Structures are given as C-alpha cells and as structure tokens.
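Let's take a stroll through a protein model and see what sits on the inside. Have a look at the picture first, then read on.

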Amino acid sequence: MTATATTTDHVTIVSDLYAAFGRGDLEAMLEPLAADVSWDADWADLFSQRAGLGVVAPRRGIDGAREFFALLEEFVVHEFRVLDLLASQTQVVAQIVIELTYPSGGRVRDEELHLWRFDDDHKIAALRHYVDTAKHIAAWSGEDTTRRGS
C-alpha cells in the first residue's frame, strides 16, 4: 500500500480481516498486522486483564496475535456480526455483536467495539477490545450471562 492510503483503504483492510475470520483463514488475518502489533497490550490498567481474562491478555507481535486466535478456537461462536465500521486517518472502529460460549461453559452476548490503529506503513499497529467487562469475567468463570432474571 502506498503512503497515501485513505480511510477507505483502512476500512477495507479491517473488513477483509473480519471476512478472513469468518472463513477461518488465519494467514489472511495475520497479513495486515505490523510485526510488533499490540494486541490489547497498550492499556494502562484494564480490569479484565487484572481479573485474568485470557482473551484480553496483553499480547505483542504476530505470535501474540496468533496465540489470541488459537485461544478463540476453544470457544463456540454462536454469532459474530460487524454492524458498522467507522474510520479516521489512523484508526478504524468496528461495532460488533458477538455471542459465544467460553471453554468454561459460560456464555456471553455482547455489543463490542474493536479499535484498530494503523501505523505509518498502513499496517495494523494495535487492537483494543472494548467489551462489557463484567459479562466477560462472569462468562470466563462459567456463568451463562445471557439468562435474564424474571
């Protein structure tokens, strides 16, 4: 990609990454990442990381991203939809609906934001997951958070 990449180019990159996720194409998911990509690793203090929530554990580099995707293979994904993609010159935000069962048996349905930051070479330099922390911690511990009280 040239140094004159547009926000449309960045949206296309993220959209293609989600399409690769849907196909289970790991190499296509890793291709747009910078070698030193920060995968939930640049938070000052994320409570779900303090709680030991493995899916948001701080990871760095392609191997860290690969580790994240390997962990996801242990989950059952019931629904994953990208509702919208919003972009600036350096970032893309994805609005996501996800429902999944954790390896613990806990289940969660969440509306998330994924923040993708691009570097000067138009590679993905960082990802941050913005989620309902309490729901995910409960599901990580085995709770079905999709049940509603009467």
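Strand β5 is part of what covers the buried residues of helix α5. This is a predicted model, by the way. Which residues of α5 are buried? In this helix, spanning residues 133-140, they are His136, Ala138 and Ala139. They sit on the same side of α5, because the arc they cover around the axis is only 160°. Right after the helix comes Gly142, with a positive phi of about 105°.

Two residues that aren't glycine have a positive phi as well: Asp40 and His122. Asp40 belongs to the loop between β1 (33-39) and α3 (47-50), while His122 is found in the loop between β5 and β6. Are they buried or exposed? Buried means under 20% relative accessible area, so Asp40, at 0%, counts as buried, and so does His122, at 11%.

| Residue | Phi | Relative accessible area |
|---|---|---|
| Asp40 | about 55° | 0% |
| His122 | near 65° | 11% |

Now for the hollow part. Searching the whole structure turns up one cavity of 30 Å³ or more, and its volume is about 290 Å³. It is lined by 23 residues, and Phe68, Leu72, Ile98, His114 and His129 are the closest to its centre. What kinds of residues make up this lining? There are 19 nonpolar residues, three polar ones and one charged one. Several elements chip in with at least two lining residues each, among them helices α1 (7-23) and α4 (61-72) and strand β5 (107-118).

Key: Residues numbered from 1 in each chain as written. Predicted model: local features only at pLDDT ≥ 70, side-chain atom pairs only at ≥ 80, totals over all residues. Heavy atoms only, no water. 1 Å grid on protein atoms, 1.4 Å probe; cavity = no way out; pocket = protein on both sides within 12 Å on 5 of 7 lines; lining within 4 Å. Points joined across faces, edges and corners; volume = space filled by probe spheres on them. Helix = DSSP H or I, 4+ residues; strand = E, 2+ residues; numbered from the N terminus. Nonpolar A, V, L, I, M, F, W, Y, C, P; charged D, E, K, R; others polar. Buried < 20%, exposed > 50% of the residue type's maximum accessible area, 1.4 Å probe, protein only. Arc of directions from axis to C-beta. Contact = heavy atoms within 4.5 Å.
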